[in-house]
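Reader: Could you take me on a close look at a single part of this protein? I would love to hear about its surroundings too.

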Amino acid sequence: MKVAVAGCCHGALDKMYETLELLQRRHNVQPDLLLCCGDFQAVRNEADLRCMAVPAKYRHMQTFYRYYSGEKKAPVLTVFIGGNHEASNHLQELPYGGWVAPNIYYLGYAGVVRFRGVRIGGISGIFKSHDYRKGHFECPPYNQQTIRSAYHVRNIEVFKLKQLKRPIDIFMSHDWPRSIYHYGNKKQLLKMKSFFRQEVESNTLGSPAASELLQHLKPTYWFSAHLHVKFAAFMQHETNSKEELPKATKFLALDKCLPHRDFLQIIDIEHDPSAGDSLEYDAEWIAILKATNSLVNVTQSAWTMPENNGLHAKWDYSVTEEAIKEVLEELNHNLKIPCNFTLTAACYDPSKPQKQVEPVHTINPQTTEFCAQFGLTDINDRIQKAKEEGSVRGEDEGEEEEEEMDSTGSAEEPSEYNTDNSGLSSINPDEIMLDDEGGDEDLSTCSVDPSPDHPPDFSASFSDIRIMPDSMAVSSDDAMDSTNEELEKSGVSKQVEEKSLNERPLKRIGGSENGNSGIKKIKRRNQAIYAAEDEEKTE
């Protein structure tokens, strides 16, 4: 089957789906599934905009609300993970995953599903060491700290995913696995993004948690986004025994959803022709959720996952075939995910802007039903009860503690990853610092939606859709030929040729490579990324 993979969507659903329709109309290529690697921005209304950790000038309504309201429906089944620019209050309603709109499915904090026999997993958010060992304690209305920590990856999600034993076909993360750049054309990457050099050379670019999952899961494909650049790599995994067959992962990072950018890729995936067309639960993953339910934590206290160190009576939470069989019997062998999408918030109305609407903590009926069916803890219900009991700290957190945590990487116990915390604070372009941009702007000011009479021209962006070849092997670190160039030159590849007279190359934003490390480095690098975005929007 054909799978379309998109990078950072940033709420531009109309653009993404119209590009897919153009692909079908002009080249008779119709994807069966669309995957999005974060920054999806499922914004329903003005309250959701307030829950996005971006400067006010980037808070635009975009077009998701049309799919949420039912005005439009996604033309292809869409599965996505969360990034670091999300309506966190909306996604928080579905910690175990669920429908955010008809035909659009969120994988949750971490999740595994099946489609036509293809096993798809993912983890939402980005890595930050100072929040990694905490529970999911945040709830709206957020403060200046929790609006960001809400999308930070937690160790319990990584622990759950590491219990998987059966093979994974596709895995998604928003930020890149650390060190993956050593398996592709690193020189070309640094040529396009020179401000990555310091972190690449110090091996601090990317998520150590995602790297750990990559080495453990060894999926056939791994897709990421976040850094707004296309990059391909091929990682050959070491075998644990002579009997184990060699495994390799084809890694691809996608660009953001803008014209002239490689934001969309089409790949062919082997599937089970006898399987149905419905999205399905994964029985092993459901069994793991049941097995690890006692580990759920909704406090800010550091929480170390069980390990074989003599301190824990149990550390292996992987599940037996018998436990998987029990899940199948509970479901009467019907793994189809119910289409039980429910509106849980008012939808944006352009004719009646709501400037002062405040976000509220909502328990989604989908989560209630899921937890009741499988005997799981409803995280949001637990948070509400803990908040009522006063065990979750309120909104009036000291800003001085926040500043210290952002600049040093940790204000508590060190992360379990044996790395320098100052380096960890610049692992990813988390978000440009909110205090750099001043106060909030009028949240009722939304981006102008495309007019039905004057649809956007996607001929330029369409030229960036490519079919991935069967092999993306990179012979060694710093390969002479870019893996991305091989995608274009490969005889196996079916590149869609749709050249535009207005097409122009990517811009490079240069900068000092010898500047100070720490928080200033984060700001400078993110300003470069966002400066490139601003230039493209104004040209």
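Author: Happily; here is a look at one valine and then at the chain around it. This is a predicted model, in which local features need pLDDT of at least 70, side-chain atom pairs count only at pLDDT 80 or more, and totals for chains, interfaces and linings use all residues. Residues are numbered from 1 along each chain as its sequence is written, and side-chain values use heavy atoms, without hydrogens and water.

Valine 54 sits in the loop that links helix 2 (46-50) to helix 3 (64-69); helices here are DSSP runs of H or I with at least four residues, strands are runs of E with at least two, and both are numbered from the N terminus. Valine 54 counts as buried because its relative accessibility is 3%, where buried means under 20% relative accessible area, exposed over 50% and partly exposed in between (1.4 Å probe, protein chains only). Its C-alpha atom is 9.0 Å from that of glutamate 86, a residue 32 places away along the chain.

Glutamate 86 also appears among the contacts (heavy atoms within 4.5 Å) of phenylalanine 40, neighbours within four places in sequence left aside; others include Phe64, Phe80 and Ile104. Phe40, Ile104 and Phe223 touch the most other members of the largest nonpolar core, which has 117 residues. Such a core is a set of buried Ala, Val, Leu, Ile, Met, Phe, Trp, Tyr and Cys residues joined through side-chain atoms within 4.5 Å. Val54 belongs to a second, separate core of nine residues, together with Leu49, Tyr65 and Ala87 among others.

Stepping back, the protein chain has 18 helices and 14 strands, and 58% of its 539 residues are buried.
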